[in-house]
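Colleague: I would like to go through this model element by element. Please keep the answers short and end each on the value or name I ask for.

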Amino acid sequence: MNILGISAHYHDSAAALVVDGVPVCAVQEERLSRHKGDPAFPLLAIESCLQHVGIEPNELDAVVFYERPMLKFDRILTCALRAFPQSWRAFPKAMKNSLGEKVWIRGIISSHLGVPGRKVLFTEHHQSHAAAAFLTAPTCRAAIMTADAVGEWATLSVGDGERLANGPTTIRRFREIRFPHSLGMLYSTFTAYLGFKVNEDEYKVMGLAAYGQPTLVEQVRKLIRRTPDGAFALDLNYFEFHTTAEHCYSSRFIELFGPSRNPYEPIDLDTEEGRRFADCAASVQRVLEDTLVQLARALHEETGLPDLCLGGGVALNGVANARILAESGFERVFVPPAPGDAGCAIGAALYCDRICFGNPDRDLPDHPFWGPSVDGSELARLAREDGHFVEDCYDDALIDQIADDLAADRIVGWMEGALEFGPRALGHRSILAAPHTTEMRDRLNREIKYREPFRPFAPVVPLEVAARYFDIPPGGTRLARFMSGVFPVRREWRSRLQAITHVDGTARVQVLEPAMAPRLHALLEAYGQRTGIPVLLNTSFNLAGEPIVNRAVEGYSTFLRCRIDVLVAGETRVMKRTSAMTKTPVNTLKKEVA
Ligand SMILES: [Fe+2]
């Protein structure tokens with residue numbers, strides 16, 4: 001049975017193809033259209049999925065859309081009527097922004113793909129999030145919590161799921177919290193207030209939070225109060241997102257927190273204003289964490305289950321995830337590689353397969369690499385035409401060469417196998433570098449990533465030695481599998497891991513099991529043999545404002561436009577002539593560590 005899942009028309013559209021119960025391909029439209037966060041109907045992603053298995057649209061048994069447009073329409077209309085007359089100007093814009101073409105989605109899918117309307121099915125938004133989190137996790141029974149800005153009505157849901165080898169799969173929802181009461185909208189409101197892009201830059205708030213003190217927690221608590229039933233409610237006097245598409249926050253919000261940040265001015269943490277913004281970030285982060293921990297703890301008490309699956313965009317908050325693991329009582333917390341709306345494409349297809357069609361349970365591959373594969377020969381051809389230094393080398397020789405490059409402080413663009421699905425580079429489209437010095441961090445920020453200096457870089461470390469460098473609690477390696485948790489760097493290693501240690505001594509570490517990305521794992525070991533520390537800085541392979549690279553040509557274009565020294569795709573290694581001429585620095589680390 002061939003089931004295509006689609007998420008589209010909000011932000012970060014994606015398609016995923018499930019064949020006989022197993023995902024075979026999933027890709028975000030932005031990776032193919034090269035338009036970051038592309039919200040368009042994902043025609044390129046759909047084509048890529050169908051091509052991957054060599055089928056035509058008429059061979060699809062179902063096409064599943066990741067939410068129910070009429071429920072969303074109901075929510076927007078109801079909110080507009082409640083807020084009338086303030087909302088009458090905003091209503092058409094809200095309709096366009098939040099709903100757009102979705103109302104007609106059955107017809108759009110049907111006409112684009114030529115499939116009959118009866119084959120087009122719908123799941124609820126939070127069902128899609130729940131399915132993406134639970135059905136891809138290696139657990140047969142778990143509590144499930146999903147949290148985001150908003151889907152149709154739900155903004156947070158709690159429930160459980162069960163997979164039986166010879167029986168039905170169930171995903172139950174116990175309760176939900178409904179719009180406009182939303183943890184995601186609370187966080188996004190601060191994202192806007194702090195001058196960042198909503199739905200895109202929430203992780204910058206988390207990064208900034210480490211520079212501040214939660215001195216404004218009491219003020220943030222005025223915005224969100226706990227209700228007697230254990231849920232929460234926003235005080236809508238401080239917000240405007242529910243009445244207008246123009247602003248997230250009201251004048252009362254400004255009275256409480258002071259003037260908002262101008263997005264075009266850098267945050268200067270040496271000024272009082274800069275510190276106020278950092279304190280705002282720290283305070284909303286603390287309140288978000290506290291609320292999620294309390295909700296998760298109650299869910300643990302209710303279910304008595306050891307495993308929790310987390311879904312929705314809020315599950316991208318690695319600091320909150322680590323606190324949930326530490327404080328909620330759950331022994332393991334699973335977050336999929338794409339917990340946000342793109343991941344709903346997989347979730348919708350799997351939900352449909354297991355629950356709508358009642359197909360048998362399957363154990364799924366436990367990795368994020370669902371996209372198109374990179375072609376090293378394409379890179380070799382392009383680079384030779386341009387007169388670069390090109391080598392084709394294989395297996396150990398390639399790994400040794402790249403390890404030498406990294407030990408010589410060269411920055412490496414690393415492309416390998418199938419593209420990651422989700423926002424994180426997990427070892428197939430990464431920029432890799434030595435993690436030891438602040439100079440390397442500053443060089444990456446200045447010459448390659450062009451981003452705010454307060455944002456940390458992440459490390460990758462082999463599973464076998466992760467505990468030596470990072471203070472990862474029991475169950476934490478699971479969160480760290482897809483970079484979904486933030487954990488302390490061990491104090492004694494911080495001075496030698498400066499480029500990946502955040503200001504508060506933590507890192508969003510990826511713990512790599514050999515089977516998931518064998519070549520990167522081999523590279524870490526080879527690097528460790530040279531330097532004594534098998535840890536690399538691993539950041540997504542893209543420039544600011546661009547999506548992560550997909551094909552070799554995009555990696556090559558990025559390589560040409562910034563100061564990456566070495567580019568690898570499959571078996572092909574390309575080095576800039578200027579990088580080849582730089583003197584190899586003497587490696588001092590080897591002597592320091594036995
Ligand atoms: Fe969502």
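Modeller: Before we start on the strands, one cut-off: two strands pair if DSSP finds at least two bridges between them. The model is predicted.

Colleague: By how many bridges are β23 and β24 joined, and in which sense do they run?

Modeller: One bridge partnership between them is that of Ala569 with Thr572 in β24. The strands β23 and β24 run antiparallel, and the number of bridges joining them is four.

Colleague: Which residue in the turn of the β23 and β24 hairpin has a positive phi?

Modeller: The hairpin formed by β23 and β24 has two residues between its strands. A positive phi of about 60° is found in the turn at Gly570.

Colleague: Which residues of β23 are buried on each side?

Modeller: In a regular strand, side chains alternate between the two faces of the sheet. Both faces of β23 are covered. Val566 and Val568 are buried on one side, and on the other side the buried residues are Leu567 and Ala569.

Colleague: What is the bridge partner of Gly413 in β23?

Modeller: β15 and β23 pair in the parallel sense, over four bridges. In β23, the partner of Gly413 is Leu567.

Colleague: Which strands are at the edges of the eight-stranded open sheet?

Modeller: The order of the strands is β14-β24-β23-β15-β17-β22-β18-β21, with mixed pairing. Neighbouring strands are turned by 25° against each other on average, direction ignored. Each edge strand pairs on one side only, and the two are β14 (389-392) and β21 (510-512).

Colleague: What is the bridge partner of Val390 in β24?

Modeller: β14 pairs with β24 (residues 572-575) in the antiparallel sense, over four bridges. The partner of Val390 in β24 is Val574.

Colleague: At about what angle does helix α14 run to β24?

Modeller: Helix α14 (residues 376-385) lies across β14, β23 and β24. Its buried residues, among them Leu379 and Leu382, pack against β14, α20 (552-561), β23 and β24. The helix α14 runs to β24 at about 30°.

Colleague: And at about what angle does helix α15 run to β15?

Modeller: Helix α15 (residues 395-407) lies across β14, β15, β17, β22, β23 and β24. Its angle to β15 is about 150°.

Colleague: Which residues are the protein donors of the iron ion?

Modeller: The donors lie 2.1 to 2.2 Å from the iron ion. Along the chain they follow the spacing H-x3-H-x18-D-x192-D. Two donate through NE2 and two through OD: His125, His129, Asp148 and Asp341.

Colleague: Why is the arrangement around the iron ion irregular, and what range do the angles span?

Modeller: Four donors count as tetrahedral if all angles lie between 85 and 135 degrees. The four donor atoms here subtend a wider range, which makes the arrangement irregular: 89 to 172°.

Colleague: How many residues apart are His125 and Asp341?

Modeller: His125 counts as buried because its relative accessibility is 0%, and Asp341 counts as buried at 8%. His125 is in helix α6 (residues 125-134), while Asp341 is in the loop between β12 (332-334) and α13 (344-356). The pair links distant parts of the chain, and the separation is 216 residues.

Colleague: What kind of aromatic pair do Tyr193 and Phe277 form?

Modeller: Tyr193 and Phe277 are both buried. Tyr193 lies in helix α7 and Phe277 in helix α11, so the pair ties together parts 84 residues apart in sequence. The ring centres are 6.3 Å apart with 75° between the planes, and planes over 60 degrees apart count as edge-to-face.

Colleague: Is Leu269 buried or partly exposed?

Modeller: Leu269 sits in the loop between α10 (251-257) and α11. Its contacts beyond four places in sequence include Leu208 and Tyr211. At 25% relative accessibility, Leu269 counts as partly exposed.

Colleague: What relative accessibility makes His502 count as buried?

Modeller: His502 is in the loop between β19 (487-488) and β20 (506-507). Leaving aside neighbours within four places in sequence, its contacts are Gly207, Ala210, Tyr211, Phe454 and Pro456. Buried means under 20%, and His502 counts as buried because its value is 10%.

Key. Residues numbered from 1 in each chain as written. Predicted model: local features only at pLDDT ≥ 70, side-chain atom pairs only at ≥ 80, totals over all residues. Heavy atoms only, no water. Donors = N, O, S within 2.8 Å, 3.2 Å for Na, K, Ca; no water. Tetrahedral: all angles 85-135°; square planar, octahedral: opposite > 155°, others 65-115°. Buried < 20%, exposed > 50% of the residue type's maximum accessible area, 1.4 Å probe, protein only. Axes fitted to C-alpha atoms, helices over the stretch in contact; angles between N-to-C directions. Contact = heavy atoms within 4.5 Å. Phe/Tyr/Trp six-rings, centres within 6.5 Å; stacked < 30°, edge-to-face > 60°.
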